[in-house]
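This report describes the strand pairing and the side-chain contacts of one protein model. The sequence and coordinates are shown first, and the discussion follows.

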Amino acid sequence: AVVSTQSTGGLLRPAPLFDVLLTDPPYGIREASLRVNKDLKNSQFSLSEQFLELLNFAATHLVVGGRLAYWLPIIRDLYEGERSLPQHPVFRLIHNCEQVLSKKSSRRLLVMLKTRERTDEDCSFVIGDSASHGQYRDIYFAKN
């Protein structure tokens, strides 16, 4: 099944439904990312927020033992290993493969395994500097 997260507001019950979620989210290169809120109005949606929301969505909707696979854009000079990656208490990173796009940027294919059910307290986070994700578009187009 193909599901757009913008179309799932209220349509999916908050329960494990999927064995695998595979996605290549927009990076905001062609145009800035926007979120459609409940009033059907667009608002800015940072890349960091987008990936943290993806992990929270997957933590709710994947079955235990399910996998989340997604591409994460990286500014190579700012990458600090796993500290730079979005994380969630219910997931264990099992694959992290780099695809170099240019001297400045790359993307990483991340595959995460859901190890347990999500509790109300579980929430996604980044240990290191998540600003590099939020500023990816600005840094990508910088003339350095």
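## Strand pairing and side-chain contacts

Strand β1 (residues 18–23) pairs with β4 in the parallel sense, and five bridges connect the two. Within this pairing, Phe18 is found opposite Leu62 of β4. The model is a predicted one, and every value below is computed from it.

Strand β4 also has a second partner. It pairs with strand β6 (residues 105–114) in the antiparallel sense, over nine bridges. Here Arg67 stands opposite Leu113 in β6. Strand β4 covers residues 62–75, and 10 of its 14 residues are buried, so the strand is largely enclosed by the rest of the structure. In a regular strand, side chains alternate between the two faces of the sheet.

**Salt bridges**

The count of salt bridges comes to five. Three of them are listed here with the separation of the N and O atoms.

| Basic residue | Acidic residue | N to O separation |
|---|---|---|
| Arg76 | Glu98 | 3.2 Å |
| Arg108 | Glu98 | 3.7 Å |
| Arg116 | Asp122 | 2.8 Å |

Arg76, Glu98 and Arg108 are linked in a network of salt bridges. What does each contact of this network connect along the chain? For the salt bridge between Glu98 and Arg76, Glu98 lies in strand β5 (residues 91–100) and Arg76 in the loop between β4 and β5, so this pair ties together parts that are 22 residues apart in sequence. In the salt bridge of Arg108 with Glu98, Arg108 belongs to strand β6 and Glu98 to strand β5, so the parts tied together are 10 residues apart in sequence.

Are the members of the network buried or exposed, or do they fall in between? Glu98 is partly exposed, at a relative accessible area of 38%. Arg76 is likewise partly exposed, at 33%. Arg108, by contrast, is buried, with a relative accessible area of 10%; the cut-off for a buried residue is under 20%.

The salt bridge of Arg116 with Asp122 has its closest N and O atoms 2.8 Å apart. Arg116 is partly exposed, with a relative accessible area of 32%, whereas Asp122 is buried at 9%.

**Aromatic rings and a charge over a ring**

The count of aromatic pairs comes to one. Phe51 and Tyr70 form this pair, with 5.6 Å between the ring centres and 35° between the planes, and the arrangement is tilted. The pair links distant parts of the chain: Phe51 lies in helix α1 (residues 47–61) and Tyr70 in strand β4, 19 residues apart. Both Phe51 and Tyr70 are buried. The angle of 35° places the pair in the tilted class because planes under 30 degrees apart count as stacked and those over 60 as edge-to-face.

A further contact involves a charged group and a ring. The charged end of Arg107 sits over the ring of Trp71, at 3.8 Å from the ring centre.

**Cysteines**

How many disulfides does the structure hold? The number is zero. A disulfide is a covalent bond between the sulfur atoms of two cysteines. Cys97 counts as partly exposed, at 43% relative accessibility. Cys123 also counts as partly exposed, at 42%.

How values were computed: Residues are numbered from 1 along each chain as its sequence is written. This is a predicted model: local features need pLDDT of at least 70, side-chain atom pairs count only at pLDDT 80 or more; totals for chains, interfaces and linings use all residues. Side-chain values use heavy atoms; hydrogens and water are left out. Buried means under 20% relative accessible area, exposed over 50%, partly exposed in between (1.4 Å probe, protein chains only). Helices (H or I, at least four residues) and strands (E, at least two) are DSSP runs, numbered from the N terminus. Two strands pair if DSSP finds at least two bridges between them. A salt bridge is a side-chain nitrogen of Lys or Arg within 4 Å of a carboxyl oxygen of Asp or Glu. A disulfide is a pair of cysteine sulfur atoms within 2.5 Å. Rings of Phe, Tyr and Trp (its six-membered ring) pair if their centres lie within 6.5 Å; planes under 30 degrees apart count as stacked, over 60 as edge-to-face and the rest as tilted. A charge sits over a ring if NZ of Lys or CZ of Arg is within 6 Å of the ring centre and within 35 degrees of the ring normal.
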